[in-house]
Structures are given as C-alpha cells and as structure tokens.
Amino acid sequence: MQKDNKSVEYKHKNLVGACAKNDRNAQMEIYNLYYKAMYNTSLHIVNDSFLAEDIMQEAFLDAFGKLKSFEWRSSFGTWLKRIVIYKSIDALKRNLSIVPLNEEMNDFPEENINQDFEAIQCKLDEIKLALKQLSPKYKIVLVLHLIEGYDHHEISQILNLSYNNVRVRYIRAKSKLLEEIVKSRN
C-alpha cells in the first residue's frame with residue numbers, strides 16, 4: 001500500500017511540474033483529478049452552484065499561474081483547496097456584505113450546547129438545509145470543520161482568527177445549526 005502511495009505522489013509531482021511548464025495535457029489531467037472536490041468545497045461555502053463553478057475555475061487558473069512558486073510544504077490538493085476556500089470566503093464577503101471574519105469574540109457562549117447531532121437523530125438532508133439558513137460566519141466554520149475536516153487551529157490560520165475565536169464561533173454555529181434543525185421539524 002505504501003508503494004502505491006509513493007507512486008501516486010510521484011505521478012502528482014510530475015504532473016504538477018509539467019503544469020508549471022504550461023503543459024495543457026498535464027493541466028487537464030490535474031483538473032480532472034481535483035475539480036469535483038474543489039467544486040464541492042466551494043459549493044458548501046457559497047451555496048450557489050454557478051458561483052462555486054466560477055470560484056473553482058478561478059482557483060485552478062490562479063494555481064496554474066503560481067505553480068513555479070509552489071514548494072511542496074503540503075500536497076498539491078491541500079494547497080489548491082486552500083485557494084478555493086479563500087476565494088469562496090472572498091466571494092461571500094463581496095456578495096453578501098457579511099460581518100468581517102475577524103470580528104472579536106473573546107467570550108465563550110453561556111448556552112448549553114450539550115445536544116449533539118446524533119442525540120436528535122439528524123438526517124444529512126436536514127443538516128444541509130439547516131446549513132443554508134446560517135449566517136456565513138457560522139457556516140464557514142462548520143463547513144471547514146465538519147465537512148472539510150480541518151481542526152480549529154487550521155481554521156484559525158485559514159480565517160486569520162484566534163484559536164479561541166474559532167472555537168467560540170464553532171460552538172455558536174453548532175448551536176444555531178441544531179436550533180435550525182429543531183425549528184424545521186416543527
């Protein structure tokens with residue numbers, strides 16, 4: 001299994017190297033490997049299929065344009081996903097005039113949030129519908145944590161927020177999401 005991972009990694013490095021030299025076939029191959037995941041990442045954040053498609057396309061163009069400076073500190077997919085996330089957040093800021101992401105929240109919420117998704121037996125469709133009802137500042141944190149799998153520290157770096165700010169926002173977002181699910185059932 002480890003040998004397979006090494007060969008995949010080697011193939012990706014070769015493809016990325018060819019993309020940096022403007023090899024259109026390599027760019028198409030990289031695009032085909034990653035476009036679904038990048039589109040889904042953007043769609044979870046912006047909630048608009050046309051906008052998510054545009055963001056994904058822009059992210060690939062930006063990535064291909066910056067490949068010569070790519071240093072392999074992370075995988076290409078991780079690097080590309082961060083570009084997609086940043087572009088999605090920027091689109092939300094432009095299109096929705098949301099509260100700036102760096103607003104300070106130093107206090108921890110008072111409300112009891114011991115309810116869990118499992119405790120109220122949520123269905124995936126209910127969660128998706130409830131996510132659409134949340135403000136972007138809450139939705140982004142939930143999507144990055146629950147769907148994209150980033151931890152609070154990574155989210156704090158992506159959003160340029162303090163670790164505590166991200167934790168508070170996540171707790172509040174989860175609570176609001178649960179409220180939306182319960183409300184939709186009534």
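**Exercise 1. State how helices H6 and H8 are oriented to each other, and justify the description.**

Solution. H6 and H8 are roughly perpendicular to each other, since that term covers angles of 65 to 115 degrees (under 35 is roughly parallel, over 145 roughly antiparallel, the rest oblique). The model is predicted; local features need pLDDT of at least 70, side-chain atom pairs count only at pLDDT 80 or more, and totals for chains, interfaces and linings use all residues. Residues are numbered from 1 along each chain as its sequence is written, and side-chain values use heavy atoms, with hydrogens and water left out.

Step 1. Two packed helices are described by the angle between their axes and the distance between the axes.

Step 2. The axes of H6 (residues 136-147) and H8 (residues 163-185) cross at roughly 100° and come within 8 Å. Axes are lines fitted to C-alpha atoms, for helices over the stretch in contact, and angles run from 0 to 180 degrees between N-to-C directions.

Step 3. Contact means heavy atoms within 4.5 Å. On the H6 side, the contact is made by Lys137, Tyr138, Val141, Leu142, His145 and Leu146. On the H8 side, the residues include Val166, Arg169, Tyr170 and Leu177.

Step 4. The residues of this contact divide into 8 nonpolar, 1 polar and 5 charged. Here Ala, Val, Leu, Ile, Met, Phe, Trp, Tyr, Cys and Pro count as nonpolar, Asp, Glu, Lys and Arg as charged, and the others, Gly among them, as polar.

**Exercise 2. Describe the secondary structure of the protein chain.**

Solution. Step 1. The chain has 8 helices and 0 strands. Helices (H or I, at least four residues) and strands (E, at least two) are DSSP runs, numbered from the N terminus.

Step 2. Of the 186 residues, 42% count as buried. Buried means under 20% relative accessible area, exposed over 50%, and partly exposed in between (1.4 Å probe, protein chains only).

**Exercise 3. Describe phi and exposure for Asn22 and Asn160.**

Solution. Step 1. Most residues other than glycine have a negative phi.

Step 2. Asn22 is not a glycine, yet its phi is positive, about 60°. Asn22 is found in the loop between H1 (2-20) and H2 (24-46), and is partly exposed at a relative accessible area of 48%.

Step 3. Asn160 also has a positive phi, near 60°. Asn160 lies in the loop between H7 (152-159) and H8 and counts as exposed, at 65% relative accessibility.

**Exercise 4. Classify the ring pair of Phe60 and Phe64.**

Solution. Step 1. Rings of Phe, Tyr and Trp (its six-membered ring) pair if their centres lie within 6.5 Å; planes under 30 degrees apart count as stacked, over 60 as edge-to-face and the rest as tilted. The count comes to 5 aromatic pairs.

Step 2. The ring centres of Phe60 and Phe64 are 5.9 Å apart and the planes are at 45°, so the pair is tilted.

Step 3. Phe60 and Phe64 are 4 residues apart in H3 (residues 49-66), so about one helical turn separates them. Phe60 and Phe64 are both buried. Together with Tyr31 and Tyr35, Phe60 and Phe64 form one aromatic cluster.

**Exercise 5. Locate His12 and list its contacts.**

Solution. Step 1. His12 lies in H1 and is buried, with a relative accessible area of 19%.

Step 2. Leaving aside neighbours within four places in sequence, His12 is in contact with Leu33, Tyr34 and Trp72.

Step 3. His12 and Phe76 are 64 residues apart in sequence, while their C-alpha atoms are 8.0 Å apart.
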